[in-house]
Amino acid sequence: VRSLLRTLCTAMAASQNVGLWMPSDVFPTYHAIAADAGLSPQSFTVMPSPDFGPLNHAGLHDVMVLPLPLTPIGRSLTESETDNIVCWLRQSSNRVVVIDAVYAYRGVAYGVLDRLIDTGQCIQAWSISKTWIQRQVFGVAIVPDAWASVLASHCDTPSDEEIHRAIACFTQ
C-alpha cells in the first residue's frame, strides 16, 4: 500500500488540478509519503467517529485515502457514512477513493466495500504483508481504467523473486 501511495502521490504531483485528502489521525506514513512527493494533503478525521465534512470543500478531481476497516477505531463504515462517501463520489466522476484494505482481514466481507467499489471510482489496495505476516512482500491494487495508465507509468514491475514470494504466501 505504501508503494501504491508513493506512486499515486508522484502521479498527482505531476498534475495541477488534483487534490489529496487523508485522515489526519490515522497513519502518519500517509502524510510523510505525500510530503515526499511535494503534496500538502487536506485532512478529515476518523476519531472519535469519521468527520467527512471537510470534503465539502474538495475539488472535482480530488482523491481521498480511506483505511477500511476504519483505523484506529477498528470498525467498518456505517450505512450513513458510506452514503456520504458515495454521494461525494457522485458529485464528480473524476473523484476517487483509495481504499487501504491492509487490515481488512475479512476481505470483501466488509459490506461497504461493495457499495464503494460499485461506483467505479475506487482504487483498492490490498497487502500480503499484514495478512500473511510477510513484511514488504507484495501488494495488489485494483484500479479504475481512468487511473490505470497514469499509475502504470510510475510503477515498477515486480521482480520474479517478489512474485514467487507472493505465490508462496498463498500456497504454503
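P72 lies in the loop between β3 and α3, and a cis peptide bond joins this proline to T71, with omega at about 5°. The loop between β3 and α3 (79-90) also holds P69, and here too the bond to the preceding residue, L68, is cis, with omega at about 0°. Keep in mind that this is a predicted model. Most peptide bonds are trans, which makes this loop a pleasant place to start a tour.

**The sheet**

- Six strands form an open sheet with mixed pairing, and their order is β2-β1-β3-β4-β5-β6.
- Why do β2 (42-44) and β6 (139-142) each have one side without a neighbour in the sheet? Both stand at the edges with a single partner strand each, so one side of each is left free of a neighbour.
- From one strand to the next, the twist averages 20°.
- Within this sheet, strand β1 (residues 20-23) pairs with strand β3 (residues 63-67) in the parallel sense, over two bridges.
- If you would like a residue to look for in that pairing, try W21, whose bridge partner in β3 is M64.

**The α1 and α2 helix pair**

- Two packed helices are described by the angle between their axes and the distance between the axes.
- For helix α1 (residues 2-13) and helix α2 (residues 28-36), the angle is about 35° and the axes are 9 Å apart.
- Is the crossing of α1 and α2 left-handed or right-handed? The two helices cross in the right-handed sense.
- On the α1 side, the contact is made by R2, L5, R6 and C9, while α2 contributes T29, Y30, I33 and A34.
- By class, the contact of α1 with α2 has five nonpolar residues, one polar and two charged.

**The second largest pocket**

- The volume of the second largest pocket is about 190 Å³.
- Its lining consists of 14 residues, and those closest to the centre are S93, N94, V96, A146 and W147.
- Which element gives the largest share of the lining of this pocket? Helix α6 (residues 145-152) does, with three residues.
- Sorted by class, the lining of the second largest pocket has seven polar residues, six nonpolar and one charged.

Note on methods:
Residues numbered from 1 in each chain as written. Predicted model: local features only at pLDDT ≥ 70, side-chain atom pairs only at ≥ 80, totals over all residues. Heavy atoms only, no water. 1 Å grid on protein atoms, 1.4 Å probe; cavity = no way out; pocket = protein on both sides within 12 Å on 5 of 7 lines; lining within 4 Å. Points joined across faces, edges and corners; volume = space filled by probe spheres on them. Helix = DSSP H or I, 4+ residues; strand = E, 2+ residues; numbered from the N terminus. Nonpolar A, V, L, I, M, F, W, Y, C, P; charged D, E, K, R; others polar. Axes fitted to C-alpha atoms, helices over the stretch in contact; angles between N-to-C directions. Left-handed = near helix turned anticlockwise from the far one by under 90°. Contact = heavy atoms within 4.5 Å. Pairing = 2+ DSSP bridges.
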